[in-house]
Amino acid sequence: GRLRFNHEISLVMNHILDESLAAIVQSIENLDRLIELDIGHNDYISVQSCRSLASLLSRPECNLLTLKLENNSINDEGSRLIANSLRRNERLSELILYGNQTFSSEMVHNFEQITCNTSSIADTHSSNHHLETFVSFHSWPKPECLRFNSCPDKRKVAKSKILHFHDLNMDELRLFGEGLGLKMLPVVIAWFDAAACGREHDGLVNKRRLSATYQFIKALPMHAVHVAQGSVNPK
């Protein structure tokens, strides 16, 4: 293997077993300077190893930016463990999984849901906004999710996703004005004003910010109230 000043660890082609990787993960979990871990081309790494890695990624102290797991024996169950750990991870930006057992399209969809769950405003707001590169056998169904994540300001990423994937009609906007009152409207519009991460999204922000504002307040009313009162930052 290769150790480079505790920033990068490469264990490529080391014939690592699941049991060995569990011990390795335990030994590196407190290396706060470790930003890249390459465990590619170890044929015996499977579900048990993914469980150890998922535990590592779920730690708030984990600073990994890159995790390379290509050409191992990881199946859908193992990749699901990794994917679920990203719900709580706010650092990892690159995940390499190609060359493993063929993932189902549902598994890729699971990764998509974690980075951009469009089921509701609240789900989109709480999605993973950090993963920028995901490589597997399958293409990403919604590549714009990863493009949004490339913006360094993660508050803008959340806002841009909401504006991109949620829209309302005029009747719902009218109900917004009647039911919630307009005094909070300028505050929440200001929350969306800085949403665009790049010029290509500016028009979309202007087009959808009112309708997204309605959905945002409807889905996260207490957050909106706290923003209006100045008790929390609008993020």
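Here are five short exercises on a predicted model, each with a worked solution.

**Exercise 1: The nonpolar core**

Find out how many residues the largest nonpolar core has, and which elements give two or more residues to it.

*Solution.*
- Step 1. Start with the size: the largest nonpolar core has 32 residues.
- Step 2. Look for its best-connected members. Leu69 and Leu95 have the most contacts inside this core.
- Step 3. Now turn to the elements. Two or more residues each come from α1 (18–28), α2 (47–58), α3 (76–85) and α4 (105–115). The largest share, four residues, is given by α2.
- Step 4. Take a closer look at Leu95. Once neighbours within four places in sequence are set aside, the residues in contact with Leu95 include Leu67, Leu69, Ile82, Phe111 and Phe134.

**Exercise 2: Helix α2**

Compare the reach of α2 with the expected value, then list which of its residues are buried and what covers them.

*Solution.*
- Step 1. Helix α2 has 12 residues, and from its first C-alpha to its last it reaches 16 Å. That is close to the 16 Å expected at 1.5 Å a residue.
- Step 2. The buried residues of α2 are Val47, Ser49, Cys50, Ser52, Leu53, Ala54, Leu56 and Leu57.
- Step 3. Next, see what lies over these buried residues. The cover includes the helices α1 and α3, along with β3 (36–38) and β4 (66–68).

**Exercise 3: Empty space**

Work out what lines the largest cavity and what lines the largest pocket, class by class.

*Solution.*
- Step 1. A general idea helps here. Rolling a probe the size of a water molecule over the atoms shows where empty space is left.
- Step 2. A search of the whole structure turns up one cavity of 30 Å³ or more. The largest cavity holds about 50 Å³ of space.
- Step 3. Among the residues lining the largest cavity are Ile28, Leu31, Leu56 and Cys62. By class, this lining has six nonpolar, one polar and two charged residues.
- Step 4. The largest pocket has a volume of about 290 Å³. It is lined by 14 residues, and those closest to its centre are Glu90, His125, Ser127, His129 and His130.
- Step 5. Helix α7 (residues 154–165) gives the largest share of the pocket lining, three residues. Sorted by class, the lining of the largest pocket has two nonpolar, seven polar and five charged residues.

**Exercise 4: Two loop residues in contact**

Decide whether Asn89 and His130 are buried or exposed, and say what each one touches.

*Solution.*
- Step 1. Place the residues. Asn89 is in the loop between α3 and β5 (94–96), while His130 is in the loop between α5 (121–125) and β6 (133–135).
- Step 2. Apply the cut-off: buried means under 20% relative accessible area. Asn89 counts as buried because its relative accessibility is 4%. His130, at 18%, is therefore buried too.
- Step 3. Leaving out residues up to four places away in sequence, Asn89 touches Leu57, Asn128 and His130. On the same basis, the contacts of His130 include Asn89, Glu90, Asn149 and Lys154.
- Step 4. Check one distance: His130 and Phe148 are 18 residues apart in sequence, yet 9.2 Å apart in space, C-alpha to C-alpha.

**Exercise 5: Positive phi**

Describe where His41 and Asn71 lie, and give the phi of each.

*Solution.*
- Step 1. His41 is in the loop between β3 and α2. Its phi is positive, about 60°, although His41 is not a glycine.
- Step 2. Asn71 is in the loop between β4 and α3, with a positive phi near 55°.
- Step 3. Finish with accessibility. His41 has a relative accessible area of 34%, so it is partly exposed. Asn71, at 24%, is partly exposed as well.

Terms used
Residues are numbered from 1 along each chain as its sequence is written. This is a predicted model: local features need pLDDT of at least 70, side-chain atom pairs count only at pLDDT 80 or more; totals for chains, interfaces and linings use all residues. Side-chain values use heavy atoms; hydrogens and water are left out. A nonpolar core is a set of buried Ala, Val, Leu, Ile, Met, Phe, Trp, Tyr and Cys residues joined through side-chain atoms within 4.5 Å. Buried means under 20% relative accessible area, exposed over 50%, partly exposed in between (1.4 Å probe, protein chains only). Contact means heavy atoms within 4.5 Å. The expected span of a helix is 1.5 Å times one less than its number of residues. On a 1 Å grid over the protein atoms alone, a cavity is a set of points where a 1.4 Å probe fits but cannot get out, and a pocket is an open set with protein on both sides within 12 Å along at least five of seven lines; lining residues have an atom within 4 Å of a point. Grid points are joined across faces, edges and corners, and a volume is the space filled by probe spheres set on the points. Ala, Val, Leu, Ile, Met, Phe, Trp, Tyr, Cys and Pro count as nonpolar, Asp, Glu, Lys and Arg as charged, and the others, Gly among them, as polar.
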